[in-house]
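Q: I should like to learn how to read the local and overall features of a protein model. Could we work through one example together?

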Amino acid sequence: MGSASEFDPALALSHKFPDTTYSYTERDAALCALSVGVCLSDAVDADELKYVYHENGQESIKVLPTSSTLLVLRSGASGYNLPGLKYDPRLLLHGQQYIELYKPLPSSCHIHNKVSLAGLHDKGKAAILEIETKSYEKESGDLLCMNRTTVFLRGSGGFSKSSKPFSYTNYPVNQNPAVKIPESKPFSVFEDRTQPSQALLYRLSGDYNPLHSDPMVAKVAGFSRPILHGLCTLGFAVRAIIKCICRGDPDLVKSIAGRFFLHVYPGETLVTEMWLEGSRVIFRTKVKERKRTVLSGYVDLRGLTSSL
Ligand SMILES: CCCCCCC[C@@H](O)CC(=O)SCCNC(=O)CCNC(=O)[C@H](O)C(C)(C)COP(=O)(O)OP(=O)(O)OC[C@H]1O[C@@H](n2cnc3c(N)ncnc32)[C@H](O)[C@@H]1OP(=O)(O)O
């Protein structure tokens with residue numbers, strides 16, 4: 001169990017993460033797509049079949065931009081170990097995700113990851129830890145994407161040594177996923193029902209955190225049953241945006257930012273509302289059954305035609 005006295009922010013900040021490597025195949029990419037609801041309600045959906053099948057062979061399938069998180073899972077799906085930070089991994093929740101995509105993701109790839117600490121904050125009742133991963137294609141050396149993961153470590157705050165709460169960030173404020181939701185009617189709304197087994201499928205993408213599969217672990221974490229991975233909810237939301245606004249073209253997505261407000265139980269219905277502001281899509285996802293917002297954020301697009 002973590003406690004404030006076991007936090008040494010200076011030690012954590014001076015830590016140099018080792019580079020990591022990762023390889024994924026067309027099978028991983030297709031599984032990742034299926035686990036965020038691709039072709040869930042229509043097995044021949046013309047916008048989505050390309051993520052799992054291509055007539056020219058599996059090497060020609062497209063990869064969803066949210067699958068970029070697949071590349072960084074090895075660096076800490078159910079917890080991050082770094083000196084100076086001891087906490088209870090069962091109380092960790094995914095708070096935010098920020099993704100930049102520089103090139104369409106290939107259907108299979110060998111990856112070289114450079115990992116760094118992007119933020120550390122004392123929120124009193126919780127600590128917030130932000131880890132940034134830059135993923136390079138091993139063969140070409142090209143930078144493919146950047147993922148910044150914010151985790152909320154409940155029960156681990158209160159470690160500040162002075163009266164001012166400790167807060168360190170090394171990235172621009174305009175990359176903050178917190179957004180103001182417009183008061184106007186949404187440009188588009190998309191509804192999707194997750195399956196009761198959704199988290200059991202999503203975990204095969206590589207996040208084996210037992211919070212999503214083990215009823216006892218879920219109880220300790222304060223939930224009545226295992227909850228859905230935050231990145232699965234984000235995958236459903238971004239899929240909805242690609243479908244409703246990008247006319248099915250995933251390569252239009254330049255960056256994605258999302259903040260998780262509340263847990264989702266597998267089997268619940270996700271309703272994603274979208275507003276178009278220039279080349280930015282602001283979105284909000286609600287759970288229909290509980291009428292609660294679970295996620296909001298924005299997706300920046302490249303080359304959007306004005307005919308929308
Ligand atoms: C790619 C690698 C992936 C690895 C991912 C991690 C592993 C995964 O397996 C784990 C998961 O997927 S968990 C499932 C998804 N996440 C969730 O369900 C969490 C949903 N959110 C919550 O429960 C609350 O918002 C909660 C609990 C997060 C916060 O609620 P409160 O305690 O009520 O907080 P509040 O009092 O409102 O705010 C306190 C301060 O914290 C900031 N904050 C709030 N929500 C945040 C969030 N989601 N992310 C980041 N910061 C957040 C607030 O701004 C506030 O700070 P300040 O006082 O300075 O304004």
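**Reading helices, a pocket and backbone angles**

A: Let us begin at the end of a helix, bearing in mind that this is a predicted model. Helix α2 is followed by G37, whose phi is positive, near 95°.

Q: Which residues of helix α2 are buried?

A: Burial is judged from relative accessible area, with under 20% taken as buried. In α2, which spans residues 26-35, the buried residues are A29, A30, C32, A33 and S35. The cover over the buried residues of α2 includes α3 (198-202) and α5 (230-244).

Q: Why does A29 count as buried?

A: A29 counts as buried because its relative accessibility is 3%, and the cut-off is under 20%. This residue, A29, is placed in helix α2.

Q: What does A29 touch, not counting residues up to four places away in sequence?

A: Setting sequence neighbours aside leaves the contacts made through the fold. For A29, these are Y51, I61, V63 and S107. A separate reading compares sequence with space: A29 and S108 are 79 residues apart in sequence, yet 7.6 Å apart in space, C-alpha to C-alpha.

Q: How should one read helix α5, and how many of its residues are buried?

A: One may look at its span and then at its cover. Helix α5 has 15 residues and reaches 21 Å from its first C-alpha to its last, close to the 21 Å expected at 1.5 Å a residue. As for cover, α5 is mostly covered, with 13 of its 15 residues buried.

Q: Is R239, in helix α5, buried or exposed?

A: A charged residue is read by the same cut-off, under 20% for buried. R239 is therefore buried, as its relative accessible area is 4%. Leaving aside neighbours within four places in sequence, R239 is in contact with V36, G37, V38, E48, L64, F190 and D192. G37 is thus a point where two readings meet: it follows α2, and it is in contact with R239.

Q: Where is positive phi found in residues that are not glycine?

A: Here one asks which residue carries the angle, and then where that residue lies. R247 has a positive phi of about 50° although it is not a glycine, and R247 lies in the loop between α5 and β8. K291 likewise has a positive phi of about 50° without being a glycine. K291 lies in the loop between β10 (280-287) and β11 (292-301).

Q: Is K291 buried or exposed?

A: K291 is exposed, because its relative accessible area is 72% and the cut-off for exposed is over 50%.

Q: What is the volume of the largest pocket, and which residues are closest to its centre?

A: A pocket is described by its volume, its centre and its lining. The largest pocket has a volume of about 900 Å³. Its lining comprises 45 residues, of which L93, H94, G95, Q96 and T150 are the closest to the centre. The elements giving two or more residues to this lining are β2 (92-101), β4 (126-137), β5 (143-154), α5 and β8 (253-260). Of these, β2 gives the most, with six residues. By class, the lining has 23 nonpolar, 17 polar and five charged residues.

Q: Which residues does the UniProt annotation "domain: MaoC-like" cover?

A: An annotation is read as a statement of its record and then set beside the model. According to the unreviewed UniProt entry, "domain: MaoC-like" covers residues 185-294. Over residues 185-294 the chain is 24% helix and 31% strand, and the end C-alpha atoms are 19 Å apart.

Key. Residues are numbered from 1 along each chain as its sequence is written. This is a predicted model: local features need pLDDT of at least 70, side-chain atom pairs count only at pLDDT 80 or more; totals for chains, interfaces and linings use all residues. Side-chain values use heavy atoms; hydrogens and water are left out. Buried means under 20% relative accessible area, exposed over 50%, partly exposed in between (1.4 Å probe, protein chains only). Helices (H or I, at least four residues) and strands (E, at least two) are DSSP runs, numbered from the N terminus. Contact means heavy atoms within 4.5 Å. On a 1 Å grid over the protein atoms alone, a cavity is a set of points where a 1.4 Å probe fits but cannot get out, and a pocket is an open set with protein on both sides within 12 Å along at least five of seven lines; lining residues have an atom within 4 Å of a point. Grid points are joined across faces, edges and corners, and a volume is the space filled by probe spheres set on the points. Ala, Val, Leu, Ile, Met, Phe, Trp, Tyr, Cys and Pro count as nonpolar, Asp, Glu, Lys and Arg as charged, and the others, Gly among them, as polar. UniProt positions are given in the numbering used here, feature names are shortened, and annotations may be inferred rather than shown by experiment. The expected span of a helix is 1.5 Å times one less than its number of residues.
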